[in-house]
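Trainee: Could you take me closely through one part of this model, and then show me what surrounds it? I would like one connected account.

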Amino acid sequence: MLKVAILGYGGIARSHRKGYELLAAKGAPVDLVALCDIDPEQFTKLVTINQGGSDQGAKKEYRTYTDLEEMLAKEELDVIDICLPTYLHCEYAVKLLKRGYHVQSEKPMGLNPAQCAEMLKAAEESGKKLMVGMCLRFDCYYEYLKDLVDSEKYGKVTSAVFERLSGLPRWGYQGWFRDYNRSGGVALDMHIHDVDMIRYLFGEPKAVSALALDGEVKCTTIHSRFCYDDKIIFAVGDWGQSSSCKFSAGYRVNFEKATVILRDGVLTVCPEEGEPFIASEQESFVKTHHMAEEIEFFAHTILGDRENDRNQPSDAAGSVALVAKLMESAENNGAYVML
Ligand SMILES: NC(=O)c1ccc[n+]([C@@H]2O[C@H](COP(=O)([O-])OP(=O)(O)OC[C@H]3O[C@@H](n4cnc5c(N)ncnc54)[C@H](O)[C@@H]3O)[C@@H](O)[C@H]2O)c1
């Protein structure tokens, strides 16, 4: 049984906590025992963010700490699950790996490729496992798409559009989302999910191009093109929507023999031959909690009963590097950046 503590108990940590609670109910070998946050009010608040739905409160009592050192001294922990704001991922992941803990960190891996390199080095030197929460790799709606791409059930992909949209995040510790230097804007915060998925599905593009807009924060909107020889791929990341717009994310992928659409949580397959059907309503489709899937996968890689064949930290670093290329293009009015 791996003993885990969450470091940074803000918005996304609630979704992690729910994942651990689902795993406990099914007897998975991972046990969330403690929470650490410098703000003690976070332990009693219900926090609602774009992703993960509304916080229903904890199912069990966790030991809580406002001081990391005190928690490390008092608890016997195997894994620290870092849910801190982005600008703290590198500092804490490196420190905790060096002190002998396995580390799961929220995405993006770091603010830039140099931070990612530091984290990879610390993991390698410590011999401890590091995994970054590129959670779409564990999301059933994206796993379904990955299977279709790999199996070529409907032929090859000819074109695709991915999107992830919301108003500007209003929650968050000391307004960090709204400071480009601490969050990386929508490109590094939300768009990176689709950047990572595009790399996961299609491999590294030959070149990228992007146009970005600044709003209240630098880079509130980004429209990106990913160049491949045989397909047209675009993605949009947007914090520029009006604040009354709900968060939404999805894709529309054309295969040679079908179009597959994820919109408003409904996954529809429109085959060239036959009637459209809702994939997520079919018996064979298993709806899962992506955080629980991600956490369980990482636990098994630590326990040595499975290879990390799905989400290496170097993959997460590659996605941060590609976002940096998109920003380079955006700063040059969309000029192509070759890879
Ligand atoms: N996977 C996803 O889909 C997803 C969704 C939302 C956020 N995230 C990522 O998760 C991370 C956290 O985002 P969030 O929305 O939870 O932010 P948040 O600001 O709500 O939560 C961060 C928490 O860390 C605490 N904190 C700050 N400094 C600390 C320190 N030194 N020690 C201990 N606690 C400290 C804050 O008090 C706060 O409670 C970000 O990197 C974000 O990009 C991922």
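Mentor: Happily; we will look at one helix, then at the sheet beside it and at the domains.

This is a predicted model, in which local features need pLDDT of at least 70 and side-chain atom pairs count only at pLDDT 80 or more, while totals for chains, interfaces and linings use all residues. Numbering starts from 1 along each chain as its sequence is written.

Our part is helix H1, residues 11–25 (helices, H or I of at least four residues, and strands, E of at least two, are DSSP runs numbered from the N terminus). Its 15 residues span 23 Å from first C-alpha to last, close to the expected 21 Å (1.5 Å times one less than the number of residues). After H1 comes Gly 27, with a positive phi near 75°.

Much of the interest lies in what is buried (20 or more other C-beta atoms within 10 Å of a residue's own; exposed means 12 or fewer, partly exposed in between, with C-beta atoms placed from the backbone). The buried residues of H1 are Gly 11, Ile 12, Ala 13, Arg 14, Ser 15, His 16, Arg 17, Gly 19, Tyr 20 and Leu 23. Their cover includes strands E1 (2–7), E2 (30–36), E4 (79–82) and E5 (102–106), together with helix H8 (290–303).

Those four strands belong to an open, parallel sheet of six, ordered E3-E2-E1-E4-E5-E6 (strands pair if DSSP finds at least two bridges between them). At its edges, E3 (63–65) and E6 (130–133) each pair on one side only. From one strand to the next, the twist averages 25°. H1 packs on this sheet, touching E1, E2, E4 and E5, and its direction makes about 150° with that of E2 (contact means C-beta atoms, placed from the backbone, within 7 Å; angles run from 0 to 180 degrees between N-to-C directions of lines fitted to C-alpha atoms, for helices over the stretch in contact). E2 is joined to E3 by three bridges, and Cys 36 has Tyr 65 in E3 as its bridge partner. Helix H3 (89–98) lies across E1, E4, E5 and E6, at about 170° to E5.

Now for the wider setting. An automatic or database assignment gives domain 1 (2–133 + 292–306) and domain 2 (137–288 + 319–338). Their C-alpha centres are 25 Å apart, with 21 residues of domain 1 and 18 of domain 2 in the contact. On the domain 1 side, helix H4 (113–126) and H8 each supply at least two residues; H8 gives the largest share, four. So H8, part of the cover of H1's buried residues, turns up here too.

Technical notes: Two residues are in contact if their C-beta atoms, placed from the backbone, lie within 7 Å.
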